[in-house]
Amino acid sequence: MTNQPYGAYDPYRDPQQAQGVWPGQQQAYEDPYADQQYTQQWQGQTWETQMQPPVAAAEYAPVSPAPDPVPAPPATPAADGSGPGYGPATLGGNSRVTDAQRARAEGRSPVIEPGMQPAALTALLGLLLAGGAALGTYALLVPLVVLQGLTAAGWFRLNGMWPARQGIALGFLGALAADVALLVSDRSPAAILGTLGVWVLLSLVLQLRSHADPDERMYGLMATVVAAALAIAAAGYLAADASAVTVGAVAVAAGVVARALPLPTPVSVVVAVAVAAGAGFAVDGPAGALLGAGAAVCALIGHRAASYDYPSRFVHFTAGVALPLAAAAPAVYTLARVLA
């Protein structure tokens with residue numbers, strides 16, 4: 001028999017020693033983890049692991065206390081003081097909301113009218129159009145180009161698309177192309193329709209080359225087409241008779257200023273149309289009154305469009321100035337032809 005060191009055991013010599021118990025010594029305790037050293041550890045969830053969580057090394061690691069929740073910043077008051085404000089976005093899930101969304105949630109109208117300052121600029125631009133028409137075609141062209149540029153830029157910003165340089169440039173270039181086509185064709189209205197058709201096709205090609213989402217591309221296509229259509233339609237002042245342009249521009253100038261007066265909306269609309277008709281009558285008699293009233297109705301539609309969905313100050317001084325005059329241009333040309 002070979003010599004064994006102290007503490008070694010032979011399982012064939014002593015059954016009790018094979019069980020880890022020496023003679024004359026009772027088993028004081030059993031190691032509950034001894035059999036885990038030689039058995040397979042299951043990783044799945046069973047009813048035993050649900051009843052008794054497994055013992056792991058991480059159980060003995062120190063656990064840092066959870067940080068205290070960061071309180072959300074206090075809500076800031078609304079800019080117009082009409083309701084409770086909304087704080088900035090936080091990790092707790094509070095999302096930012098626009099003024100228009102807050103207005104809809106509170107049951108208020110998301111419409112802010114441009115006011116007297118943009119109306120005064122519209123009146124000034126209308127008087128420049130009237131004076132340019134009285135002086136000649138090329139004198140009319142200068143304020144007309146300004147009107148078309150403001151229309152293209154203002155419509156994009158009104159729709160929340162900014163800077164959108166390609167769309168604004170495309171709409172403005174369409175307006176310039178319509179002006180050139182009118183001058184070359186001796187102010188034929190067919191030049192406006194032809195330019196509009198070509199620019200709709202160019203807008204479609206531009207959006208097809210875009211890598212944006214389909215919904216965003218469709219939204220951009222509609223904004224580009226409408227901006228180009230409004231800017232090109234403003235060229236109707238160049239196609240109309242000079243006397244009709246004078247009457248229509250003066251009527252729109254007077255009507256927009258009357259619309260900006262602090263009156264209830266229905267009363268303000270009636271007063272604006274009446275003032276525009278009176279201005280047209282003062283320039284060209286009864287025919288001028290009819291033309292002025294029709295131009296004022298279209299101008300008020302453009303004024304309303306520039307007031308929708310909480311527009312910014314930039315919108316007020318671009319679309320708010322240009323849309324009343326741009327929307328009135330087709331009416332000026334059409335009514336002048338009808339009343340002639």
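Which residues make a nonpolar surface patch of about 310 Å²? Here are my notes, starting with that one.

1. **The surface patch.** The answer is Met116, Leu261, Leu263 and Val267, which together form the nonpolar patch of about 310 Å². Please keep in mind while you browse that this is a predicted model. Of the four patch members, have a look at leucine 263: it is found in the loop that runs between helix H10 (242-259) and helix H11 (265-305). Leucine 263 counts as partly exposed because its relative accessibility is 37%, and the partly exposed class runs from 20% to 50%.

2. **The overall build.** The protein has 13 helices and zero strands, so you can read the order of elements from the N terminus as an unbroken series of α. Of the 340 residues, 35% are buried. The exposed area comes to about 20,500 Å², and carbon and sulfur atoms supply 63% of it. Among contacts between residues at least 6 apart in sequence, 68% join residues at least 24 apart.

3. **The main core.** In soluble globular proteins, nonpolar side chains tend to be buried together. In this model, the largest nonpolar core has 42 residues, and those with the most contacts inside it are Leu129, Leu144, Leu147 and Tyr237. Helix H13 (residues 319-339) gives the largest share of this core, with eight residues. Apart from this core lies another one of 12 residues, including Phe156, Ile168, Ala223 and Ala319.

4. **Tyrosine 237 and its company.** What does tyrosine 237 contact, once its neighbours within four places in sequence are left aside? The list holds Leu129, Leu140, Leu144, Leu147, Val245, Leu325, Ala328, Ala329 and Val332. Three of these names, Leu129, Leu144 and Leu147, also stand beside Tyr237 among the core residues with the most contacts.

5. **The salt bridge.** Side chains of opposite charge can pair when their charged atoms come close. The structure holds one salt bridge, in which the side chains of arginine 259 and glutamate 113 meet at 2.6 Å, N to O. This pair links distant parts of the chain, 146 residues apart: arginine 259 sits in helix H10, while glutamate 113 is in the loop between helix H3 (99-105) and helix H4 (116-135). Are the two partners buried or partly exposed? Arginine 259 counts as buried because its relative accessibility is 6%, below the 20% cut-off. Glutamate 113, with a relative accessible area of 30%, is partly exposed.

6. **Threonine 224.** This residue has its place in helix H8 (residues 214-233). Threonine 224 has a relative accessible area of 2%, so it is buried. Its side chain reaches the backbone oxygen of glycine 220 at 2.7 Å. Beyond residues up to four places away in sequence, threonine 224 touches Phe156, Gly167, Leu170, Ser203 and Gln207. Phe156 is also one of the residues in the 12-residue core.

7. **Two positive phi values.** Most residues other than glycine have a negative phi, and most peptide bonds are trans. Aspartate 186 has a positive phi of about 60 degrees although it is not a glycine, and arginine 187 likewise has a positive phi, near 60 degrees. Aspartate 186 lies in the loop between helix H6 (165-184) and helix H7 (190-208), and arginine 187 is in the loop between H6 and H7 too. With a relative accessible area of 66%, aspartate 186 is exposed, whereas arginine 187, at 32%, is partly exposed.

8. **Aspartate 241.** You will find aspartate 241 in the loop between helix H9 (236-239) and H10. Its relative accessible area is 45%, so aspartate 241 is partly exposed. The side chain of aspartate 241 makes a polar contact with the side chain of serine 243 at 2.5 Å. Aspartate 241 and alanine 336 are 95 residues apart in sequence, yet 7.3 Å apart in space, C-alpha to C-alpha.

9. **Alanine 305.** Finally, alanine 305 lies in helix H11 and counts as partly exposed at 29% relative accessibility. Leaving aside neighbours within four places in sequence, alanine 305 is in contact with Leu158 and Leu323. Between alanine 305 and proline 324 there are 9.0 Å in space, C-alpha to C-alpha, with the two 19 residues apart in sequence.

Key
Residues numbered from 1 in each chain as written. Predicted model: local features only at pLDDT ≥ 70, side-chain atom pairs only at ≥ 80, totals over all residues. Heavy atoms only, no water. Patch = residues over 30% accessible without salt bridge, like charges linked within 9 Å, V, L, I, M, F, W, Y side chains within 5 Å. Areas by Shrake-Rupley, 256 points an atom, 1.4 Å probe, with all protein chains shown as cover. Salt bridge = Lys/Arg side-chain N within 4 Å of Asp/Glu carboxyl O. Helix = DSSP H or I, 4+ residues; strand = E, 2+ residues; numbered from the N terminus. Buried < 20%, exposed > 50% of the residue type's maximum accessible area, 1.4 Å probe, protein only. Polar contact = N/O pair within 3.5 Å; in protein donor to acceptor, adjacent residues only side chain to side chain. Contact = heavy atoms within 4.5 Å. Core = buried A, V, L, I, M, F, W, Y, C linked by side-chain atoms within 4.5 Å.
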